[in-house]
Amino acid sequence: MSLAGLFSPRWPGVALFDLDGTLVDSAPDLAAAVDQMLEHLGRSPAGLERVRQWVGNGASVLVRRALAGQVDWEPARPKDDALFKDALAIFYHAYGTINGRHSVVYAGVEACLTHLKNQGCRLGIVTNKPEQFVAPLLKQMNLAHWFDLSVGGDTLPVKKPDPAPLVHAMEKLGGTRGTTVMVGDSAADINAARAAGIPCVAVRYGYNYGPSVDTLGADAVVDSLAELL
């Protein structure tokens, strides 16, 4: 599907959005929580720019990467797994107190959501962020009123790139594969959408790491959600 065919007056009926890196730049909050966790464990802070490379696959993977100090982390040994559980609990506590404090909504988001709502589109969040943090961040960013549904990384037994969260949200919102679009920033979003059989719009400004988002098979790639209008 071409960019011109996306977000036309009668399509889509349902739009699903990733949260971190697509609607909201939450990396500053995540980095602050990661650094608090690392310092609590007696380690050096990672800093914002490194944490930006680690986010996008949920809190558990973020903590694993922070403990390893890199994107690719080795399978856990028994003592590593015990450390991970402690670190994850510390991270959750830290992030719960910081969530939304330093985050900002990306330019173009409000215009896009306004346009979709005005044409009667139903909107949902499908994120790998743990569910307990989704609603507070949306409220803090003054975005909650746009969305009819949110699916977190632990709402179902699986998360993106598994297609199940997208299919679940699509069906709950009354959409079909012919009336639904996914909007995200990473390979997880694109792969989930392709597996679910729905088109995907990808943004270049998000948290994708590795190959350029332009090469991952999205139906459209944009620098701002405002371009879809």
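Visitor: Does serine 224 count as buried or exposed, and at what relative accessibility?

Guide: In this predicted model, the cut-off for a buried residue is under 20% relative accessible area. Serine 224 falls under that cut-off and therefore counts as buried, with a relative accessibility of 18%.

Visitor: Where does serine 224 lie, and which residues is serine 224 in contact with, leaving aside its neighbours within four places in sequence?

Guide: Serine 224 belongs to the segment that comes after strand 8 (220-222). Once its neighbours within four places in sequence are set aside, the residues in contact with serine 224 are Ala107, Gly108 and Tyr205.

Visitor: The backbone nitrogen of which residue lies 3.1 Å from a polar atom of the side chain of serine 224?

Guide: The side chain of serine 224 offers a polar atom to this pair. At 3.1 Å from that atom lies a backbone nitrogen, and the residue that carries this nitrogen is alanine 226.

Visitor: How is the chain divided, and how far apart do the C-alpha centres of the domains lie?

Guide: The chain is divided into domain 1 (3-23 + 106-228) and domain 2 (27-98). The contact takes 11 residues from domain 1 and 14 residues from domain 2. Between the C-alpha centres of domain 1 and domain 2 the distance is 25 Å.

Visitor: Which residues touch the most other members of the largest nonpolar core?

Guide: In soluble globular proteins, nonpolar side chains tend to be buried together. Here the largest nonpolar core has 54 residues. This core draws at least three residues from each of domain 1 (3-23 + 106-228) and domain 2 (27-98). The residues that touch the most other members are Phe17, Leu23, Phe91, Phe147 and Leu225.

Visitor: Which residues is phenylalanine 91 in contact with, leaving aside its neighbours within four places in sequence?

Guide: Phenylalanine 91 is one of the residues that touch the most other members of the largest nonpolar core. Apart from neighbours within four places in sequence, the contacts of phenylalanine 91 are Leu30, Ala33, Val34, Met37, Ala59, Leu62 and Val63.

Visitor: Why is helix 3 described as largely enclosed, and which of its residues are buried?

Guide: Helix 3 (residues 59-68) is largely enclosed by the rest of the structure because eight of its 10 residues are buried. After helix 3 comes glycine 69, which has a positive phi near 75°. The buried residues of helix 3 are Ala59, Val61, Leu62, Val63, Arg64, Arg65, Ala66 and Leu67.

Visitor: Which residues cover the two faces of strand 1, and which residue of strand 6 does phenylalanine 17 stand opposite?

Guide: On one side of strand 1, Val14 and Leu16 are buried, and on the other side Ala15 and Phe17 are buried. Strand 1 runs parallel to strand 6 (residues 180-184), and four bridges join them. In strand 6, the residue opposite phenylalanine 17 is valine 183.

Visitor: In which sense do strand 1 and strand 4 pair, and which residue of strand 4 stands opposite leucine 16?

Guide: Four of the five residues of strand 4 (residues 122-126) are buried. Strand 1 (residues 14-17) and strand 4 pair over four bridges in the parallel sense. The residue of strand 4 opposite leucine 16 is glycine 124.

Visitor: How many bridges join strand 4 to strand 5, and what is the hand of the crossover between them?

Guide: Strand 4 and strand 5 (residues 149-151) run parallel and are joined by three bridges. One bridge partner pair is valine 126 with valine 151 of strand 5. From strand 4 the chain passes through helix 6 (residues 131-140) to strand 5, and this β-α-β crossover is right-handed.

Visitor: Where is asparagine 142 found, and what is its phi?

Guide: Asparagine 142 is found in the loop between helix 6 and strand 5. With 52% relative accessibility, asparagine 142 counts as exposed. Although asparagine 142 is not a glycine, its phi is positive, at about 60°.

Visitor: Does aspartate 189 count as buried or exposed, and which residues is aspartate 189 in contact with?

Guide: Aspartate 189 has its place in helix 8 (residues 187-196). Its relative accessibility is 1%, so aspartate 189 counts as buried. Leaving aside neighbours within four places in sequence, aspartate 189 is in contact with Asp18, Lys160, Met182, Gly184 and Cys200.

Note on methods. Residues are numbered from 1 along each chain as its sequence is written. This is a predicted model: local features need pLDDT of at least 70, side-chain atom pairs count only at pLDDT 80 or more; totals for chains, interfaces and linings use all residues. Side-chain values use heavy atoms; hydrogens and water are left out. A nonpolar core is a set of buried Ala, Val, Leu, Ile, Met, Phe, Trp, Tyr and Cys residues joined through side-chain atoms within 4.5 Å. Buried means under 20% relative accessible area, exposed over 50%, partly exposed in between (1.4 Å probe, protein chains only). Domain bounds come from an automatic or database domain assignment. Contact means heavy atoms within 4.5 Å. Two strands pair if DSSP finds at least two bridges between them. A crossover is right-handed if, with the strands pointing away from the viewer, the path from the first strand over the helix to the second runs clockwise. A polar contact is a pair of N or O atoms within 3.5 Å; within protein, one must be able to donate a hydrogen and the other to accept it, and residues adjacent in sequence count only if both atoms are side-chain atoms.
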